[in-house]
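Biologist: I have just opened this entry and would like a friendly walk through it. Could you help me learn to read it, one feature at a time?

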Amino acid sequence: MLILNKTAGVFFKPSKRKLYDFLRSFNFHPGKVFLHKLVLGIETSCDDTAAAVVDETGNVLGEAIHSQTEVHLKTGGIIPPVAQQLHRENIQRIVQEALSLSKVSPSELSAIATTIKPGLALSLGVGLSFSLQLVDQFKKPFIPIHHMEAHALTIRLTNKVEFPFLVLLISGGHCLLALVRGVSDFLLLGKSLDIAPGDMLDKVARRLSLIKHPECSTMSGGKAIEHLAKQGNKLHFDFKPPMQRAKNCDFSFSGLQHVIDKTIMQKEIEEGIEKGQILSSAADIAAAVQHTIACHIAKRTHRAILFCKQRNLLSQSNAVLVVSGGVASNLYIRKALEIITDATQCTLLCPPPRLCTDNGVMIA
C-alpha cells in the first residue's frame with residue numbers, strides 16, 4: 001500500500017476543494033438499508049474511464065464510462081500523457097455518475113476496487129489515486145484488481161460457468177490463454193511474444209490510412225479492418241499464419257505485421273500512389289489480414305484445448321472456452337473459434353460486447 005500511495009502521488013491528486021464538491025453532490029439516505037455488500041469498481045488502465053457499482057449477487061446497480069477513442073483516432077494512436085489528462089478530466093464525473101445511478105453514497109459502499117495492473121502507468125495512476133482518496137475519506141477497504149483477471153471472470157456475471165474453464169483474452173494490449181481454476185487461480189498456457197492482435201489491427205489500419213476512408217473515418221482500427229474485410233477477397237493475398245511449427249500455445253504478430261507493411265509498400269509502388277493514400281486493394285488486404293489473424297488465434301487456442309483435455313485439466317464432455325477482450329467482438333475471429341470449439345466438443349462463451357471491452361463492471 002505504501003508503494004501504491006507513493007505511485008499515486010506522482011500521477012494525480014485531486015484538490016481538497018474538488019473532493020469536497022464531489023462529496024457534497026451526493027444525497028445521503030440514512031433510512032435506506034442494503035441487504036448485499038456493494039463494491040465500487042474503477043477502471044483507468046488504458047483509454048476508457050469507467051466506474052460501476054455491483055452487489056455481491058452480481059447485480060449491476062449503476063455504471064458509467066467515458067471513451068477517449070475519438071481523440072486518439074485524430075492523433076493516430078494512444079499518447080499516454082493525453083490519455084492521463086483525459087482520465088483526470090473525467091474520473092470524478094464518471095464515478096459520481098455511477099454512484100448516482102446506483103442511488104448509493106460512498107459511505108454505503110462495502111469496498112472500493114480499482115485496476116492496478118497491467119496497463120499504461122500514467123492512466124493507472126489516475127484511477128488509483130482517486131480511489132485511495134475515497135478509501136481514506138470513507139475508511140473503506142481497498143481491493144487491488146488485476147485487469148486481465150477481471151476480464152477472465154466477467155463471464156460469471158452473465159453465465160453460470162463452473163471452474164475450471166479455458167479463457168482466451170484478446171485485445172489491443174493483451175493476448176493470452178489461461179486455465180481458470182478459481183478466483184485468482186490461473187495457469188498461464190500461452191501469451192503473445194511481442195504485440196497484441198488489437199494493436200496489430202490498429203497499426204495495419206493506420207498504414208492503410210483507413211481513417212481517410214469515407215466508411216471508416218469514425219471507427220477504431222480493428223472495427224475498420226472488420227468492416228472493410230466484408231468487401232474484400234481474403235484469398236487475394238497469401239499471408240502465412242505465424243509460428244506454425246511452434247509446439248506451444250504462444251502467439252506472435254509483429255513478424256506478420258512486417259510482412260503486411262512490405263506488401264502495402266509494394267502495392268503503393270504498383271499503383272503509383274504515395275503513402276497516406278488509399279489503395280484500391282485495401283479491402284482485399286483487410287480481408288486477408290483478418291483471416292490470417294483469425295487462423296493464428298484459432299490454431300493456438302486449438303492446441304491449448306487439446307493439451308488441457310489430454311492432461312484432464314478440462315472436462316472431456318462439457319469443457320468451456322471463454323473469449324473476452326476488445327478483439328473478441330470481431331465476428332470473423334469468433335466464427336473461427338466456433339469451428340475449433342465445435343470440433344473439440346467445447347462450449348464457446350463470450351460476454352456481451354459492452355463487457356468485452358474495458359469497463360467498471362468487471363472490476364467491481
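Modeller: Gladly. Let me begin with a term: two strands are said to pair if DSSP finds at least two bridges between them. With that in hand, look at S6 and S7, which form a hairpin with 4 residues between them. Please keep in mind that this is a predicted model.

Biologist: How far can I trust a predicted model, and what is the average pLDDT here?

Modeller: The general idea is that where pLDDT is low, the predicted coordinates should not be read in detail. In this case the protein averages a pLDDT of 90, and 90% of the residues score at least 70. Over residues 1-11, though, the value is below 50, and that stretch has 16 contacts in the model beyond near neighbours in sequence. Residues 27-31 also stay under 50, with 5 contacts beyond four places in sequence.

Biologist: Which part of the chain does UniProt annotate as a domain?

Modeller: The UniProt record, an unreviewed entry, places "domain: Gcp-like" at residues 59-364. In the model, the end C-alpha atoms of that span lie 10 Å apart, and the span is 48% helix and 17% strand.

Biologist: Back to the strands, then. In what sense do S6 and S7 pair?

Modeller: In general, strands of a sheet pair through backbone hydrogen bonds, either parallel or antiparallel. S6 and S7 pair in the antiparallel sense over 6 bridges. One residue pair to find on screen is Leu169, whose bridge partner in S7 is Leu176.

Biologist: In what order do the strands of the sheet lie?

Modeller: This open sheet has 5 strands in the order S8-S7-S6-S9-S10, with mixed pairing. Strand S8 (185-191) and strand S10 (346-349) stand at the edges with a single partner strand each, so one side of each has no neighbour in the sheet. On average, neighbouring strands are turned by 25° against each other, direction ignored.

Biologist: Where do I see the mixture?

Modeller: Compare two pairs. Strand S7 (residues 175-182) and S8 are antiparallel over 6 bridges, whereas S6 and S9 pair in the parallel sense over 4 bridges. Between S7 and S8, Leu176 has Lys191 as its bridge partner, and Leu177 has Gly190. Between S6 and S9, Leu166 stands opposite Leu321.

Biologist: What packs on this sheet?

Modeller: Helix H12 (residues 331-343) does, touching strand S6 (165-170), strand S9 (319-324) and S10. The direction of H12 makes about 160° with that of S10.

Biologist: Are the residues of S6 buried or exposed?

Modeller: For this step you need a cut-off: buried means under 20% relative accessible area. In S6, 6 of its 6 residues are buried. Both faces are covered, with Phe165, Val167 and Leu169 on one side and Leu166, Leu168 and Ile170 on the other.

Biologist: What about unusual backbone geometry?

Modeller: The general idea is that most residues other than glycine have a negative phi, and most peptide bonds are trans. Ser184, in the hairpin of S7 and S8, takes a positive phi near 65°. Ser209 has a positive phi of about 55° and is buried, with a relative accessible area of 8%. Asn312 has a phi near 60° but is exposed, with a relative accessible area of 59%. Asn312 lies in the loop between helix H11 (282-310) and S9.

Biologist: Which residues are joined to Pro118 and Pro164 by cis peptide bonds?

Modeller: Lys117 is joined to Pro118, with omega about -20°. Phe163 is joined to Pro164, with omega about -5°. Pro164 sits in the loop between helix H7 (155-158) and S6.

Biologist: Let us finish with one residue. Where is Ser45, and what does Ser45 touch?

Modeller: Ser45 is in the loop between strand S1 (38-43) and strand S2 (48-55). Ser45 has a relative accessible area of 3%, so Ser45 counts as buried. Leaving aside neighbours within four places in sequence, its contacts include Pro118, His147 and Asp358. Its side chain also makes a polar contact with the side chain of Glu43, at 2.5 Å.

Terms used
Residues are numbered from 1 along each chain as its sequence is written. This is a predicted model: local features need pLDDT of at least 70, side-chain atom pairs count only at pLDDT 80 or more; totals for chains, interfaces and linings use all residues. Side-chain values use heavy atoms; hydrogens and water are left out. UniProt positions are given in the numbering used here, feature names are shortened, and annotations may be inferred rather than shown by experiment. Helices (H or I, at least four residues) and strands (E, at least two) are DSSP runs, numbered from the N terminus. Axes are lines fitted to C-alpha atoms, for helices over the stretch in contact, and angles run from 0 to 180 degrees between N-to-C directions. Contact means heavy atoms within 4.5 Å. Buried means under 20% relative accessible area, exposed over 50%, partly exposed in between (1.4 Å probe, protein chains only). A polar contact is a pair of N or O atoms within 3.5 Å; within protein, one must be able to donate a hydrogen and the other to accept it, and residues adjacent in sequence count only if both atoms are side-chain atoms. pLDDT is the predictor's confidence in each residue, from 0 to 100.
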